[in-house]
Amino acid sequence: MRKYDSYKDSGVEWIGEIPSGWDCDRIKNHFNHISEKIKPEDDDKKISSEDVDSFFGKINNFYSRYGILGVKFNPGDVLFNKLGVKVHKLFHSTFEGFSMGELIVLRNRSKDTFNSKFLYYQLTRTEVIDLCKKISNGVTLKRVSVDDLMNLYITYPPLKFNKKSFFFLMKISY
């Protein structure tokens, strides 16, 4: 069931048509991969992929003992588990902390055109997870490379999107 008056071709085969007024671009054109590792303090929040519930982005442990060094994340950052994408572990942060282990930190650099919460929802789409599975490499434990993730295309409405845009995304996500 179509919800918009008009659609256009996204230019990306697996995405297909998107509502007119929306755009389609690579993640790397709007987000930076933050990778500098530093040692967190004992009382800093530290999250590893084991601490994130699959599918729901709920944190069940804020003080992971996994690893010594971590990547600092800020409110609004998106954390994506690059290891075994089939477990579907993503988190949209509302606080500062450290990513420990296999969680990639993505930071919005184009806040005037893109909402990071929307990226979180895009990365939960079944089509995106299936594509990440296809491009993952490894013998025992497959990982999606940071470069491959950053080169993925995502769709997005104008920054001041309305509820209609959100519901369209949810319709195609699950």
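**Close-up views of salt bridges and a pocket in a predicted model**

**View A. Lysine 72 and glutamate 96 are joined by a salt bridge.** In this predicted model, the side chains of the two residues meet with a nitrogen-to-oxygen distance of 3.0 Å. Lysine 72 belongs to strand 7 (residues 70–73), whereas glutamate 96 sits in the loop between strand 9 (90–92) and strand 10 (97–100), so the contact ties together parts that lie 24 residues apart in sequence. Lysine 72 is partly exposed, its relative accessibility being 29%. Glutamate 96 is likewise classed as partly exposed, with a relative accessible area of 48%. As general background, side chains of opposite charge can pair when their charged atoms come close.

**View B. Aspartate 77 pairs with arginine 107 in a salt bridge.** The closest N and O atoms of this pair are 2.8 Å apart. Distant parts of the chain are linked here: aspartate 77 is found in the loop between strand 7 and strand 8 (78–81), and arginine 107 in strand 11, 30 residues apart. Aspartate 77 has a relative accessible area of 2%, which is under the 20% cut-off, and therefore counts as buried. Arginine 107, at 21%, is partly exposed.

**View C. A salt bridge within helix 2 connects aspartate 130 and lysine 133.** The closest N and O atoms of aspartate 130 and lysine 133 are 3.9 Å apart. Both residues lie in helix 2 (residues 126–135); because they are 3 residues apart, about one helical turn separates them. Aspartate 130 is partly exposed, with a relative accessible area of 35%. Lysine 133 is also partly exposed, at 40% relative accessibility. The count of salt bridges in the model comes to 4, and the pair of aspartate 130 and lysine 133 is one of them.

**View D. The second largest pocket is lined by 13 residues.** Its volume is about 150 Å³. Among the lining residues, His33, Lys37, Val71, Gly101 and Leu103 lie nearest the centre of the pocket. Two elements, strand 4 (31–34) and strand 11 (103–108), each give two or more residues to the lining. Strand 11 gives the most, with 3 residues. By class, the lining of this pocket consists of 6 nonpolar, 4 polar and 3 charged residues. Strand 11 also holds arginine 107, the partner of aspartate 77 shown in View B.

Technical notes. Residues numbered from 1 in each chain as written. Predicted model: local features only at pLDDT ≥ 70, side-chain atom pairs only at ≥ 80, totals over all residues. Heavy atoms only, no water. 1 Å grid on protein atoms, 1.4 Å probe; cavity = no way out; pocket = protein on both sides within 12 Å on 5 of 7 lines; lining within 4 Å. Points joined across faces, edges and corners; volume = space filled by probe spheres on them. Helix = DSSP H or I, 4+ residues; strand = E, 2+ residues; numbered from the N terminus. Nonpolar A, V, L, I, M, F, W, Y, C, P; charged D, E, K, R; others polar. Buried < 20%, exposed > 50% of the residue type's maximum accessible area, 1.4 Å probe, protein only.
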